[in-house]
Amino acid sequence: MRGNNFRRTAKWEEVLKEMGRTGLHFHDLRHTGNTLAAQSGASLADLKARMGHDSDRAALIYQHATRDADQRIAEALNARVRAEQKKAEKARKRKINDG
């Protein structure tokens, strides 16, 4: 279905008017859906399949950086560092006890 056919068949402008919205394009919904999919952890391959694209470039458009993602990354890195520190501390104590 082409964009113009969709707008006419779905009565897009009328529906937007009923919702009190203007300037919303159908592609905006697609962009939002794919951005949310990317934020949920979808891989590049998942996004490409979902969108029907072969291009990494097209899928990367939806991989927006967000503060929430940045915070999750920082927390995950911190957890990894702390886990490694605990392992090193246990190994050090074991070495002292064995030696």
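**View 1. Helix H3 from end to end.** In this predicted model, let's start with a quick length check on H3: with 14 residues at 1.5 Å a residue, the helix should span 20 Å, and its end C-alpha atoms are indeed 20 Å apart, so the two values agree. Look down the axis of H3 and you'll find its buried residues within an arc of 160°, so they line one face of the helix. Which residues of H3 are buried? They are Asn34, Thr35, Ala37 and Ala38. Part of what covers them is H4. Just after H3 comes Gly41, and here phi is positive, at about 110°.

**View 2. Zooming in on Thr35.** You'll find Thr35 in helix H3. Is Thr35 buried or exposed? Its relative accessible area is 11%, and buried means under 20%, so Thr35 counts as buried. Leaving aside residues up to four places away in sequence, Thr35 touches Tyr62 and His64.

**View 3. The largest nonpolar core.** Seven residues make up this core: Ala37, Ala38, Ala42, Leu47, Met51, Ala59 and Tyr62. Two helices, H3 (26-39) and H4 (44-51), each supply at least two residues of it.

**View 4. Around Met51.** Here's a close look at Met51, one of the residues of the largest nonpolar core. What does Met51 touch, not counting residues up to four places away in sequence? The answer is Arg30, Asn34, Ala58, Ala59 and Tyr62. Ala59 and Tyr62 belong to the core too, while Asn34 is one of the buried residues of H3.

Key:
Residues numbered from 1 in each chain as written. Predicted model: local features only at pLDDT ≥ 70, side-chain atom pairs only at ≥ 80, totals over all residues. Heavy atoms only, no water. Core = buried A, V, L, I, M, F, W, Y, C linked by side-chain atoms within 4.5 Å. Buried < 20%, exposed > 50% of the residue type's maximum accessible area, 1.4 Å probe, protein only. Helix = DSSP H or I, 4+ residues; strand = E, 2+ residues; numbered from the N terminus. Contact = heavy atoms within 4.5 Å. Expected span 1.5 Å × (residues − 1). Arc of directions from axis to C-beta.
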